[in-house]
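Reader: I am new to this structure and would like to be guided through a few of its features. May I ask questions as they occur to me?
Author: Please do.

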Amino acid sequence: MKTLVMVGAGHSNLIAINALVGNLQADIRIVLVSDVLKAPYSGMLPGFMAGYYEEDQIVFDLKKISESCGISFIHAEVKYIHTASSKITLSTGEVIGYDCLSVNTGIHPHKIKCDHQGEEHLIYVKPLSRLIPKWTHFLKEKSNLQIAVIGAGSAGCEIAAAISIRTGCKITLFTKNQEILPELPESARKKARTQLRKLDIQVQTQTEVVSYLLGNIICDKGHTFSANYVFVTTGAVPNPIPGNLKCDPKGFLITNEKLLVEGADNIFATGDCISFNNHPLPKAGVYAVRQGKVLAINIQAYFSRLPMVSYKPQKKFLKILLIGNKLALATRGHLSIMNRLAWILKVYLDKKFMKRYQR
Ligand SMILES: Cc1cc2nc3c(=O)[nH]c(=O)nc-3n(C[C@H](O)[C@H](O)[C@H](O)COP(=O)(O)OP(=O)(O)OC[C@H]3O[C@@H](n4cnc5c(N)ncnc54)[C@H](O)[C@@H]3O)c2cc1C
């Protein structure tokens, strides 16, 4: 019996499992190892925070999925990858062997300096599994609070809008950049700015937050802003698994175009935790989703000793962000619209995705 171990229930591994079940040779077993029992789907998280979805609608129940796929599930964190002996050590102390390994463990944000009192009020958006209970707790004390959201990329703008829609709290969005949503064209940014203004969300650009002390945000130029709660969406630090896998200076696993980790012919890596061909891709689920399809093909190819295919990062893709009360900003290349239709499309696509992989 051969063993394929999937580490982390990120988008790519879930998609690959779905494609591989029933299509691998009978003597190959699949083992999914995840440090969480339920993996939230980030595309629907802002909608959950805004109150449009229940928790069950936005999470993948990994035990249930594994049972329905007929694969093994281990609830544990992978602590070490021993490449020489093709084994992994789990947080439970268990050691399991693999013939082929697929690492899809995502990222976490940069930590912000904080005092003891502030810790409870500093909420990191990733890992999403930890955000959900913190958000539920936050909702109990939500009235008349001053909220800071750090980072004005897609996640920051969506989170700020969702908090505003759900709670009506006063929100300030901080970014060290000159602009919000720097990855989007100016026409889209303009629509987003107008919408954030309608939600009464203040935007503080060119302001880097360095610490959170005694209910105050401290910024790089010495300014302070009061904030009862801080939501952090910035920075991408890979979730590291010690071992001797090839990483770039920031710790992202270096893969080739076949999604194999450099120097390892039986270890694939995908999603936010990789440096693809030694060039980091933007941290977006759409890349992980496309990689999942290539991953499934290449895992099959690995076991059947067939040629593998190359992953080509998509240059343009549809991005839909929830930035208003059931209003979304949809962009593709230089085109953008901001309206309810975009939100309806997002709901449709997200629910379709969940239905396909929730099983
Ligand atoms: C609020 C928000 C909204 C977003 N919206 C969008 C969107 O609309 N469209 C889009 O394209 N992108 C979006 N993104 C980005 C998207 O979430 C990520 O790019 C995507 O989740 C990357 O997926 P992944 O496959 O790398 O793995 P992840 O989804 O990050 O999952 C990794 C999994 O591995 C587990 N894990 C980590 N370490 C270990 C270990 N040692 N052992 C076992 N398990 C481990 C983690 O717990 C986690 O479950 C959003 C992000 C945020 C924060």
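Author: What follows is a conversation about a predicted model.

Reader: Which residues gather in a patch of positive charge on the surface?
Author: The patch consists of Arg290, Lys293, Lys352 and Arg356.

Reader: Which helices each supply at least two residues of it?
Author: These are helix H8, spanning 285–304, and helix H9, spanning 340–358.

Reader: Where does Arg290 lie, and is it buried, partly exposed or exposed?
Author: Arg290 belongs to helix H8. Its relative accessibility is 39%, so Arg290 counts as partly exposed.

Reader: Which residues form a nonpolar patch on the surface?
Author: Leu318, Leu345, Tyr348 and Leu349 form that patch, and together they have about 350 Å² of accessible area.

Reader: Where is Leu318 placed?
Author: Leu318 sits in the loop between H8 and strand S24, the latter covering 319–324. With a relative accessible area of 37%, Leu318 is partly exposed.

Reader: Changing topic, how many disulfides are there?
Author: The count is zero. A disulfide is a covalent bond between the sulfur atoms of two cysteines, and the cut-off applied here is a pair of sulfur atoms within 2.5 Å.

Reader: Why does Cys157 not form such a bond?
Author: The closest cysteine sulfur to that of Cys157 is in Cys219, and because the separation is 17 Å, it is too far for a bond. Cys157 is also buried, at 0% relative accessibility.

Reader: And which cysteine has the closest sulfur to that of Cys247?
Author: That is Cys273, whose sulfur is 9.2 Å away, again too far for a bond. Cys247 has a relative accessible area of 36% and is therefore partly exposed.

Reader: What is the place of Ala284?
Author: Ala284 is in the loop between strand S23, residues 274–276, and H8. Ala284 counts as buried, because its relative accessibility is 16% and the limit for buried is under 20%.

Reader: How are Ala284 and Ser42 placed relative to each other?
Author: They are 242 residues apart along the chain, while their C-alpha atoms are separated by 9.7 Å.

Reader: One last residue: is Glu67 buried or exposed?
Author: Glu67 counts as exposed, at 64% relative accessibility. Glu67 lies in helix H4, which comprises residues 62–69.

Reader: How far apart are Glu67 and Val209?
Author: In sequence, Glu67 and Val209 are 142 residues apart; in space, the distance is 44 Å from C-alpha to C-alpha.

Conventions
Residues are numbered from 1 along each chain as its sequence is written. This is a predicted model: local features need pLDDT of at least 70, side-chain atom pairs count only at pLDDT 80 or more; totals for chains, interfaces and linings use all residues. Side-chain values use heavy atoms; hydrogens and water are left out. Patches are made of residues with over 30% relative accessible area and no salt bridge: like charges are joined within 9 Å, nonpolar side chains (Val, Leu, Ile, Met, Phe, Trp, Tyr) within 5 Å. Accessible areas come from the Shrake-Rupley method with a 1.4 Å probe; for residues, only the protein chains shown count as cover. A salt bridge is a side-chain nitrogen of Lys or Arg within 4 Å of a carboxyl oxygen of Asp or Glu. Lys and Arg count as positive and Asp and Glu as negative; His and the chain ends are not counted. The place of a charge is taken as NZ of Lys, CZ of Arg, CG of Asp or CD of Glu. Helices (H or I, at least four residues) and strands (E, at least two) are DSSP runs, numbered from the N terminus. Buried means under 20% relative accessible area, exposed over 50%, partly exposed in between (1.4 Å probe, protein chains only).
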